[in-house]
Amino acid sequence: MRTVFLPWALAALFLLADVVVSEVSALDGALQLQIINFNFETVQVMWNASKDSGTNLTFLYKLSSDEASSQCSNYILQQSHTAGCLLKAKKDEILCFSIWNATHLLLTKCQWISAYLKPSSPKDLNFQWYQEAITVTCSDLPYKRLLYEIQYKSMFDTEWQSKEGETCNVTIDGLDAEKCYFFRARVKTMESSYGPDTYPSDWSEVTHQQRGMLRDSCQEKKLFPKFVLISGMVALLTVFLLLLSLWKVRRVQKLLMPMVPDPKFSFPGLFESHQGNFQEWIKDTQNVAHLSKMEGAEQECVPEEALVVHVVKNEAEMPIMTTSPLCPQTEEEEASGDPSQLPCQPLQGGEEISLGGFTFVMSDNSYVML
């Protein structure tokens, strides 16, 4: 005979469970429970018995679709002792369970498993770009009253930004297609329908999108050192070009506008003593130069040009040999009486000139070249 659960019967069972829970509320405080309904596929019940640590506890349960209670067949062990139980589920139904320490009842409870729902993560995310907007889609889960949350950020953002929708078809505006973005998604339940004890799903795998194309990575960590290296090289190159430009400008300035020597250093005393009067300065300079030459004559012998004396004589005049104080003869010349010796001409008419120890008579037709 098949047992049929009527709605009023389920309600009565739920009220009875609440009465039982109230009766063992003191026992409930000794156990810390955690119930998670994984997408209506598996229900995990975990307990932490502070007073009964090191003891194997027994878990008995019954779903509303079961005819009788059963003992857990898939215990979760911690340090070789029972710490939880995994149950198979197919839909949202009432779970009634009790935890025993041998024959001592520790806890009993009945609850809809949807109150502890944790949806599965979104899979196979699709991205469709529309200029500065992107639409993210995926397959909807088979149950309703859910929120699909899409989070995104660029490689220049520090925090994620979120946008939600009741279906897995969410459009995000205000994006820059040139930037590389990170996208991830998850599913949450509406508290108004499932209560406050549900869990959001795990995040989907992070997806990278840029210019409407799927990327393996945005290279977030590698961009910063590369940027610093490029900036440093640009700075060094800029400094080098600046120094080179300054050097080139100085060279061009020298070529176009050569430096004019300061006469102050070439003509000492011209401006200090004569206030720039060159005529006065040259007079003093000649006097100083003459005195300096006379004082240094004994120390330095400077070869001078030979004195050239050219005397134009009258062809009609005949040489007259004579001796005079101005033209002395040596004893050898007198003794030899050599007629080949040129006679000494007397100084006749004209002006007498002495140069370098020699005496000359200058006529109107004579000149001296120094």
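This report walks through one small sheet and some salt bridges in a predicted model.

Let's start with the sheet. Three strands line up in the order β10-β11-β14 to make an open sheet, and their pairing is antiparallel. At the edges sit β10 (126-130) and β14 (169-172), each of which pairs on one side only. On average, neighbouring strands here are turned by 20° against each other, direction ignored. Zoom in on β10 and β11 (residues 133-137), and you'll find five bridges in the antiparallel sense. In one of them, Y130 has A133 of β11 as its bridge partner.

Now for the salt bridges, which come to four. Here are three pairs, including how far apart their N and O atoms are:

| Pair | N to O distance |
|---|---|
| K118 and D202 | 3.2 Å |
| R186 and E149 | 2.7 Å |
| K188 and E164 | 2.7 Å |

Take K118 and D202: K118 is in strand β9 (residues 117-118), while D202 is in the loop between α3 (191-194) and β16 (207-210), so this pair ties together parts 84 residues apart in sequence. K118 is buried at 18% relative accessible area, whereas D202 is partly exposed at 45%.

What about R186 and E149? They link strand β15 (residues 181-189) with strand β12 (residues 146-154), and the two residues are 37 apart. R186 is buried, at 19% relative accessible area, and E149 is buried too, at 4%.

K188 in strand β15 and E164 in strand β13 (residues 161-165) tie together parts 24 residues apart in sequence. K188 is partly exposed at 21%, and E164 is partly exposed at 37%.

Finally, E149, E164, R186 and K188 are joined in a network of salt bridges.

How values were computed
Residues are numbered from 1 along each chain as its sequence is written. This is a predicted model: local features need pLDDT of at least 70, side-chain atom pairs count only at pLDDT 80 or more; totals for chains, interfaces and linings use all residues. Side-chain values use heavy atoms; hydrogens and water are left out. Two strands pair if DSSP finds at least two bridges between them. Helices (H or I, at least four residues) and strands (E, at least two) are DSSP runs, numbered from the N terminus. Axes are lines fitted to C-alpha atoms, for helices over the stretch in contact, and angles run from 0 to 180 degrees between N-to-C directions. A salt bridge is a side-chain nitrogen of Lys or Arg within 4 Å of a carboxyl oxygen of Asp or Glu. Buried means under 20% relative accessible area, exposed over 50%, partly exposed in between (1.4 Å probe, protein chains only).
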